[in-house]
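I opened my notebook to go through one structure piece by piece. My plan is to begin at the metal and work outwards.

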Amino acid sequence: MKPTHIEHIGIAVKDLKEAIPFFEKVYGLECYAVEEVVDQKVKTAFFKVGDTKIELLESTDPEGPIGKFIEKKGEGIHHMAFAVENLAEKLKFVEEQGVRLIDKAPRKGAEGLNIGFLHPKSTFGVLTELCEDPTK
Ligand code: ZN
């Protein structure tokens, strides 16, 4: 599959109002975007670290995926995202390798990226996202 880099690491937090200033003050990173992804029931905040981003995820609904994650496991790393080219092909390829997919076809994620998730039961417990930048 050969991802080009780690696109981002997603971290579930209870409150962006607390987490954003922490990342800014302690790590010296700049929050360059805050975006709500309505169908995922999350508000996201982004920081750049080289080619990789940190994506903070705050739930907007306790029944949403991040709300449930925090209730079960608490705050922490929620997923890792690889940057790939030809996302639809890559999803097909990983499925052929016997990996269970959450998304069988690309869908729209934050920042205008096309995304697809692999099931953590198939990926050593790591919820794994593949991202494609449609402008590239
Ligand atoms: Zn993500």
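**Entry 1: the zinc site**

I looked up the zinc ion and found its protein donors: His8 (NE2), Glu55 (OE), His79 (NE2) and Glu129 (OE), lying 2.0 to 2.5 Å from the ion. Donors here are N, O and S atoms within 2.8 Å of the metal (3.2 Å for Na, K and Ca), and water is not among the atoms, so sites may look incomplete.

Note to self: this is a predicted model, where local features need pLDDT of at least 70 and side-chain atom pairs count only at pLDDT 80 or more, while totals for chains, interfaces and linings use all residues. Residues are numbered from 1 along each chain as its sequence is written, and side-chain values use heavy atoms, with hydrogens and water left out.

Why is the arrangement around the zinc ion irregular? The four donor atoms subtend angles of 79 to 172°, which makes it so. For the label, four donors count as tetrahedral if all angles lie between 85 and 135 degrees; four count as square planar and six as octahedral if opposite donors are over 155 degrees apart and all others between 65 and 115; anything else is irregular.

Along the chain, I read the donor spacing as H-x46-E-x23-H-x49-E. His8 sits in strand 1 (residues 5–13) and Glu55 in strand 4 (residues 52–59), so this pair ties together parts that are 47 residues apart in sequence. Strands (E, at least two residues) and helices (H or I, at least four) are DSSP runs, numbered from the N terminus. I also checked that His8 and Glu55 are buried. Buried means under 20% relative accessible area, exposed over 50%, and partly exposed in between (1.4 Å probe, protein chains only).

**Entry 2: the sheet**

Next I traced the strands. Eight of them form an open sheet with mixed pairing, in the order 2-3-4-1-5-8-7-6. Two strands pair if DSSP finds at least two bridges between them. Which strands are at the edges? They are strand 2 (31–37) and strand 6 (107–108), each pairing on one side only.

I wrote down a reminder that strands of a sheet pair through backbone hydrogen bonds, either parallel or antiparallel. Strand 5 (residues 76–83) and strand 8 (residues 128–132) go for the parallel sense, over four bridges. The zinc donor Glu129 turns up again here, as the bridge partner of Ala81. Met80 stands opposite Thr128 in strand 8.

Strand 8 also pairs with strand 7, this time in the antiparallel sense over five bridges. There I found Ile115 bridging to Cys131 of strand 8.

How many of strand 8's five residues are buried? Five of the five are. Thr128, Leu130 and Glu132 are buried on one side, and Glu129 and Cys131 on the other, so both faces are covered.

**Entry 3: two buried residues**

I picked Leu91, which lies in helix 3. Leu91 is buried, with a relative accessible area of 0%. Leaving aside neighbours within four places in sequence, Leu91 is in contact with several residues, including Leu101, Pro106, Leu118 and Leu130. Contact means heavy atoms within 4.5 Å.

Then I tried His78, whose place is in strand 5. His78 is buried too, at a relative accessible area of 14%. Not counting residues up to four places away in sequence, His78 touches Gly10, Ile11, Ala12, Leu57, Ile66, Phe69 and Leu127.

**Entry 4: positive phi**

Most residues other than glycine have a negative phi, and most peptide bonds are trans. Against that, I noted Lys41, with a positive phi near 55°. Strand 2 and strand 3 pair in the antiparallel sense over six bridges, with Glu36 partnered by Lys43 of strand 3. Their hairpin has four residues between the strands, and Lys41 takes its positive phi there. Is Lys41 buried or partly exposed? At 32% relative accessibility, Lys41 counts as partly exposed.

Glu111 has a positive phi as well, about 60°. The place of Glu111 is in the loop between strand 6 and strand 7, and Glu111 is partly exposed at 29%.
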